[in-house]
Amino acid sequence: MLMYGWMKWVEIAPQRYDWAVTVMTFGRLDHIKERIANEVRAGDHVLDIGCGTGTLAVRCLRKSAYVTGIDSSKYMIEQTQRHASEAGLADRLVVVQDSVTQLRKHFGDGSFDLIVSTMVLGEFPREYLSYVMRDCRALLRPGGRLIIADEVLPDRLLTRIFYAIGLGLLWIPNFLLLRRPLFPIADLPGVIRAGGFQIKSIESWAASSFKMVSAESPILDAATPGMVP
Amino acid sequence: MMTRIKDLGWELFHIFFRHFNFPCKLGLINVGTPGENSPVFLSGNYTLTVQRVLRKLRGIDCYLLVANSRGSNVWCAAGMNEFSEYDVIDAINVANLGNLVKHRRIIAPVYSAPGVDISAVKRETGFNIKWGPTHLDDLPRFIAAGFKRTNDMFQVKFGLQDRLEQAVSTAWCYTMTIALIGLVWPIFFFTVSGLIFFVYLFGFTLYPLFPEERHWRRTLTITALLTTAMALWALWSGWATADFLLWEGVLVAVCLLMAMDCCGSTPLHKSTIKHWLLNGDYNSHFSPVIDPSLCINCVQCILVCPCDVFAARRDAENTVVVVKPDRCEECLACFKQCPTDAIFNRSGEVKGDVKSIPNLEVLAARDWSHLKSEDRWIGAATGLRGGLPIVLEGRTTNAPTVPPRRAASESAATSLIEIGQ
């Protein structure tokens with residue numbers, strides 16, 4: 001009976017995604033998405049990696065941007081489309097159903113002004129992230145920006161210990177509500193920098209366990225060594 | 001010595017918490033000293049599975065590709081759309097597998113078939129997914145046989161170890177659920193927990209000895225046996241009637257819980273509690289039938305079915321037919337893998353827990369009235385040819401098939417079959 005109920009609960013995980021994220025991030029994420037959307041300029045071509053239910057994509061659309069959302073879940077893609085249609089902004093939205101390592105199969109080099117991703121990349125270990133960062137570097141036009149917001153490993157050792165305890169305590173509610181495996185990485189800015197970006201700003205929340213990193217793809221200069229041509 | 005104790009402790013911990021997600025790190029694991037010709041095995045990132053697979057692969061130079069199943073076992077994750085072709089493609093891309101090995105073959109757990117679209121993996125990465133054995137215990141035999149599955153590696157088994165793990169982990173979940181009672185009424189809590197463990201271990205250990213669940217026969221048998229034992233004990237120890245009635249109530253409740261747990265989504269049964277209450281059996285809603293005009297004889301359905309539902313026709317026609325629909329446990333792996341949507345559904349209903357198939361409700365509700373004549377294959381005698389179950393010509397019977405879910409031990413025939421395409 002318990003098992004049966006549990007299976008039923010797991011089945012409807014995507015439907016409760018939005019409020020589950022709000023609960024598990026203590027309402028922080030809506031604020032962060034608003035902040036990210038404020039960085040969007042009218043006419044920007046924006047890529048939202050792991051667009052989910054489209055809460056960030058719709059905010060970007062409202063800023064008169066052209067938004068491309070990519071997500072591996074058909075359900076989530078449909079939600080993004082629905083929310084954009086309800087806002088009457090679907091004409092500037094393109095959605096792609098594919099996974100995060102397939103970006104370059106769909107988009108040409110330099111096709112975006114801004115790449116954003118919230119609560120997606122924290123699911124992946126460092127190797128995955130490095131892979132995605134390399135792709136993002138190619139997809140952004142020179143001078144384009146990248147904004148990543150996700151859970152990370154806190155900076156200090158002591159905070160990491162408290163974080164590990166907190167994560168242990170939140171482990172059951174996390175899998176009850178969100179079903180999101182977390183591999184919080186240390187030094188997210190470092191991974192982004194290694195992808196060839198210049199870090200512009202780093203903001204931290206919740207004892208540095210949640211970071212928003214804003215970076216810029218450098219304007220190509222033949223004299224700059226080590227740049228991807 | 002310490003390592004072995006640590007391993008054992010870790011294993012026990014995971015067995016008790018089997019119903020929880022334990023994600024382990026994603027990526028490529030080198031087993032031994034693999035080279036460019038070494039085989040590649042695929043796994044989800046459920047910690048217990050990865051540990052067990054690594055143990056089975058010890059001594060073999062190979063790669064283990066751990067893809068994202070969100071810390072769940074691969075079968076549940078595949079059905080829930082939490083382990084799909086996208087996760088496999090990501091793992092292949094990030095590991096740069098195409099440059100690491102010369103061949104283009106990945107041996108995947110067959111339980112990933114309900115979720116992974118192998119044609120998409122092939123299209124995006126060039127890698128062919130070949131199905132490995134159903135149970136990871138068979139991995140060494142599978143490798144020794146030259147990466148070929150013998151027929152007995154196809155079918156779902158529910159061996160003693162599986163049953164014990166299932167009993168312990170489920171009983172543990174209930175014990176944790178009622179743990180708060182222990183604060184106010186510890187004796188009752190410990191007795192009830194002990195009873196839950198006992199009933200589950202009793203029911204699952206002796207599982208093959210009880211009758212098949214038809215008209216609640218299995219549940220009634222277990223309840224009657226345990227009630228008799230308790231009544232004898234009560235008489236022997238001189239319990240008060242009120243005490244006996246209280247504990248009899250608890251016992252019946254636990255037996256009912258166990259019966260209803262079997263309704264869930266297990267590799268043996270897939271039914272709803274409503275169906276069980278109304279019919280007293282665990283039969284699946286889904287009942288496959290194949291449209292011969294659509295079947296292209298790729299035999300993927302045979303290769304991914306853990307319940308021996310399908311057989312190939314090799315008479316005038318080269319198609320696959322359904323011979324034992326009542327064995328189906330509705331994992332829908334056949335449905336997911338069929339490239340031409342040739343599989344129809346006799347009942348028009350699905351249980352609804354498989355989320356990995358787009359338009360499942362529409363496809364499963366398609367009219368199958370033009371396929372009524374295909375029912376003639378139900379119960380047809382089958383034999384093995386080249387390892388593949390084949391309908392034996394002129395041996396069609398209308399006799400009822402062997403009762404479902406009891407078939408695991410009968411698949412004695414052991415001939416080799418080339419996996420995959």
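This report describes a predicted model with two chains, A and B, and goes from the chains as wholes to single residues.

## The two chains

Chain A holds nine helices and seven strands. Of its 229 residues, 45% are buried. When contacts between residues at least 6 apart in the sequence of chain A are counted, 68% of them link residues at least 24 apart.

Chain B has 421 residues, and 41% of them count as buried. Its secondary structure consists of 16 helices and 13 strands. Along the principal axes, the C-alpha atoms of chain B occupy a box of roughly 70 × 60 × 35 Å. The radius of gyration of chain B is 23 Å, which agrees with the value near 22 Å for a compact globule of 421 residues. In chain B, 68% of the contacts between residues at least 6 apart in sequence join residues at least 24 apart.

## Where the chains meet

On the chain B side, 30 residues are in contact with 22 residues of chain A. Three helices of chain B, α4 (85-95), α8 (160-177) and α12 (241-261), each provide at least two residues of the side that touches chain A. The most comes from α4(B), which gives five residues. Sorted by class, the side of chain B that touches chain A is made up of 14 nonpolar, nine polar and seven charged residues.

Two of these helices, α4(B) and α12(B), also appear in the helix pairs described next.

## Helix α4(B) against α6(B)

Within chain B, α4(B) packs on helix α6 (residues 118-125) at an angle of about 30°, and the two axes are 9 Å apart. Angles under 35 degrees count as roughly parallel, and α4(B) is therefore roughly parallel to α6(B). The crossing of α4(B) past α6(B) is right-handed.

From α4(B), the residues in this contact are Glu85(B), Val88(B), Ile89(B) and Ile92(B), and they meet Ala120(B), Val121(B), Glu124(B) and Thr125(B) of α6(B). By class, the contact of α4(B) with α6(B) has five nonpolar residues, one polar and two charged.

## Helix α10(B) against α12(B)

A second pair in chain B is formed by helix α10 (residues 186-205) and α12(B), whose axes come within 10 Å and cross at roughly 45°. The two helices are therefore oblique to each other. As with the pair above, the handedness can be stated: α10(B) passes α12(B) in a right-handed crossing.

On the α10(B) side, the contact uses Val192(B), Leu195(B), Ile196(B), Val199(B), Tyr200(B) and Gly203(B). Facing them in α12(B) are Val250(B), Leu251(B), Val254(B), Cys255(B) and Met258(B). The contact of α10(B) with α12(B) contains 10 nonpolar residues and one polar residue, with no charged residues.

## Two residues with positive phi

The loop between β9 (320-322) and α15 (333-337) of chain B includes Glu330(B). Its phi is near 60°, a positive value in a residue that is not glycine. Glu330(B) counts as buried because 28 C-beta neighbours lie inside 10 Å.

Leu332(B) is also found in the loop between β9 and α15 of chain B. Leu332(B) is not a glycine either, yet its phi is positive, at about 65°. With 31 other C-beta atoms within 10 Å, Leu332(B) is buried.

## Lys157(B) and Arg134(A)

Lys157(B) sits in the loop between β6 (148-150) and α8 of chain B. A residue is buried if 20 or more other C-beta atoms lie within 10 Å of its own, and Lys157(B), with 20, is therefore buried. Between Lys157(B) and Asp341(B), the separation is 184 residues in sequence and 28 Å in space, C-alpha to C-alpha.

In chain A, Arg134(A) belongs to helix α7 (residues 126-139). Arg134(A) has 16 other C-beta atoms within 10 Å and is therefore partly exposed. Although Arg134(A) and Gly195(A) are 61 residues apart along the chain, their C-alpha atoms are separated by 5.1 Å.

Methods: Residues are numbered from 1 along each chain as its sequence is written. Chains are lettered from A and ligands numbered from 1 in the order in which they are written. This is a predicted model: local features need pLDDT of at least 70, side-chain atom pairs count only at pLDDT 80 or more; totals for chains, interfaces and linings use all residues. Helices (H or I, at least four residues) and strands (E, at least two) are DSSP runs, numbered from the N terminus. The radius of gyration is taken over C-alpha atoms; the globule rule is 2.2 Å times the number of residues to the power 0.38. A residue is buried if 20 or more other C-beta atoms lie within 10 Å of its own, exposed if 12 or fewer, and partly exposed in between; C-beta atoms are placed from the backbone. Two residues are in contact if their C-beta atoms, placed from the backbone, lie within 7 Å. Ala, Val, Leu, Ile, Met, Phe, Trp, Tyr, Cys and Pro count as nonpolar, Asp, Glu, Lys and Arg as charged, and the others, Gly among them, as polar. Axes are lines fitted to C-alpha atoms, for helices over the stretch in contact, and angles run from 0 to 180 degrees between N-to-C directions. Angles under 35 degrees count as roughly parallel, over 145 as roughly antiparallel, 65 to 115 as roughly perpendicular and the rest as oblique. A crossing is left-handed if the near helix is turned anticlockwise from the far one by less than a right angle, and right-handed if clockwise.
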